[in-house]
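Please take a moment with the sequence and the model below before reading on. The paragraphs that follow lead from a pair of charged side chains to the protein as a whole.

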Amino acid sequence: MRKVFIFFLSCCALNVFAQDKTAEKFAAGITPGDLKAKLSVIASAQMEGRETSTEGQRRAATFIENYFKKLKLLPGDSGKYQMTFPVWQDSITSATFTANGKDFSLADDFVPSNNVPSGTWKVQDVVFAGRGVKDSTRSDFDSIDVKGKWVMIAPLSSEQSPRNLFQKINLLPKYDAAGLLIISNGFPRKNFKAKGNMYNTKTTNSSLPVFFISQNLADAILASHVDSTTTQKDYTTSFNISINKTTENLQSTDVIGVLPGTDKKSEYVFVTGHYDHLGKHDSVIYYGADDDGSGTTSVLEIAQAFAAARDKGIRPRRTMVFMTVSGEEKGLWGSKYYTDHPVFQLDSTSVDLNIDMVGRRDPERTYGDSTNYVYTIGEDKLSSDLMHISDSVNNTYTHLELDRKFNDPHDPNRF
């Protein structure tokens, strides 16, 4: 495990130390004991799984900030170590659904999708559109008129993947539909929570309202049993939906520490990892030691090694930026926010060495040395130099197996 971190450190320091013992001297400060001590904090019960915009995530951010301060790194965002980005979460305060004079209950028979805004909808007819999607290029909506109308679609068949569900939802705005009802299994939904998923992009009131409904509710709306064989046509009906929500502004942060360079200090080398994980659900904590507590502690240890070199009068030529981001598990929120609001000009940023899930063994890797390898991904995608640097440093210092199997653009993981 230690060799992995020395590899990254040496990769950053190649132009600083050449091929002498200085890089190895400071890299030797990265020890299993230090890594374990930091990881034992990052992945502790106190951090409660570090879910974005929770108290556990904020505790982890404070721990990282304090460590950057201890190393005497400069704050990375206008005098602050933490760069704040917006996160919102809606909570349903009331919801009603009445179909042909009969009342139905939230969670027992219907749930709104996450982006349904507050509102009231009074509907007098609905288009039943079968399963909505034949395949990725053909739609049942091509043969029926759904413009300005609410649409009901049947559940997925056993041959269809969940991706078809998103195809259905994404197609309807193209056809100017007014709303979507998706007949779904799993009702009543006993684990449904009125507090919705977090999001970091504001939706507008023009968003297509989407509701998942039970078979009982679907039958009530059409006044007869409905399934995938039901005729695709307009049905006269009467249903009313009312949703009221409150929105909470939660926020989250990336944590940034900076070590200035020398003659090329206006160029930047980033070392990054995401410090958020899945959080705590009910009484179960998802600690995230591997994903990505390991990468977070790696960033801290590499920063410590560079700070130790700085204290001895040895600085890198380029400015080092150590950044841990949150919102990764939600959809790369922290990374995207920094990219959209960069502190340092992107065209002056030489490279980002991102570290995720290190020190583990891949049970599917049945070749080579099972203890002395690292997956390196993307070196050849945006740079003509980085792979050469990686190989040169590795051949000189660490002698790891650099496994590039995931560089294949056709790899199903798409890392």
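In this predicted model, a convenient place to begin is D391, which has a relative accessibility of 27% and therefore counts as partly exposed. The side chain of D391 meets that of R404 in a salt bridge, with a distance of 3.0 Å from N to O. R404 counts as partly exposed too, because its relative accessibility is 22%. D391 belongs to helix α10 (residues 386-398), whereas R404 lies in the segment after β19 (401-403), so the pair ties together parts that are 13 residues apart in sequence.

Elsewhere, salt bridges that share partners join D145, K149 and D234 into one network. Within this network, the side chains of K149 and D234 meet in a salt bridge at 2.8 Å, N to O. K149 lies in the loop between β6 (119-128) and β7 (150-153), and D234 lies in strand β11 (residues 234-249), so this pair ties together parts that are 85 residues apart in sequence. Are K149 and D234 buried or exposed? K149 is buried, with a relative accessible area of 17%, and the cut-off that matters here is 20%, because buried means under that value. D234, with a relative accessible area of 38%, is partly exposed.

A further pair is formed by D380 and K381, whose closest N and O atoms are 3.0 Å apart in a salt bridge. D380 counts as partly exposed at 38% relative accessibility, and K381 likewise counts as partly exposed, at 45%. In general, side chains of opposite charge can pair when their charged atoms come close. In total, the structure holds 19 salt bridges, among them the pairs of R404 with D391, K149 with D234 and D380 with K381.

From charged pairs we can turn to the packing of a helix. Helix α9, which spans residues 333-340, has W333, G334 and Y338 as its buried residues. When the helix is seen down its axis, these buried residues fall within an arc of 130 degrees, so they line one face of α9. What covers them? The covering parts include the strands β2 (82-85), β9 (195-199), β12 (252-259), β13 (264-274) and β16 (318-325), together with helix α8 (328-331).

Strand β9, which takes part in covering the buried residues of α9, also appears in the lining of the second largest pocket, where it gives the largest share, three residues. This pocket has a volume of about 460 Å³. Of the 17 residues that line the pocket, the closest to its centre are P112, N114, F192, G196 and N197. The elements that give two or more residues to this lining are β3 (88-99), β5 (110-112) and β9. By character, the lining residues divide into six nonpolar, six polar and five charged.

Finally, the protein as a whole can be described. The elements discussed above belong to a protein with ten helices and 19 strands. Of its 415 residues, 48% are buried. How much of the contacts with a separation of 6 or more comes from residues 24 or more positions apart? Such residues account for 82% of those contacts, and the salt bridge between K149 and D234 offers one example of a pair that ties together parts far along the chain from each other, 85 residues apart in sequence.

Notes:
Residues are numbered from 1 along each chain as its sequence is written. This is a predicted model: local features need pLDDT of at least 70, side-chain atom pairs count only at pLDDT 80 or more; totals for chains, interfaces and linings use all residues. Side-chain values use heavy atoms; hydrogens and water are left out. Buried means under 20% relative accessible area, exposed over 50%, partly exposed in between (1.4 Å probe, protein chains only). Helices (H or I, at least four residues) and strands (E, at least two) are DSSP runs, numbered from the N terminus. The arc is that of the directions from the helix axis to the C-beta atoms. Contact means heavy atoms within 4.5 Å. On a 1 Å grid over the protein atoms alone, a cavity is a set of points where a 1.4 Å probe fits but cannot get out, and a pocket is an open set with protein on both sides within 12 Å along at least five of seven lines; lining residues have an atom within 4 Å of a point. Grid points are joined across faces, edges and corners, and a volume is the space filled by probe spheres set on the points. Ala, Val, Leu, Ile, Met, Phe, Trp, Tyr, Cys and Pro count as nonpolar, Asp, Glu, Lys and Arg as charged, and the others, Gly among them, as polar. A salt bridge is a side-chain nitrogen of Lys or Arg within 4 Å of a carboxyl oxygen of Asp or Glu.
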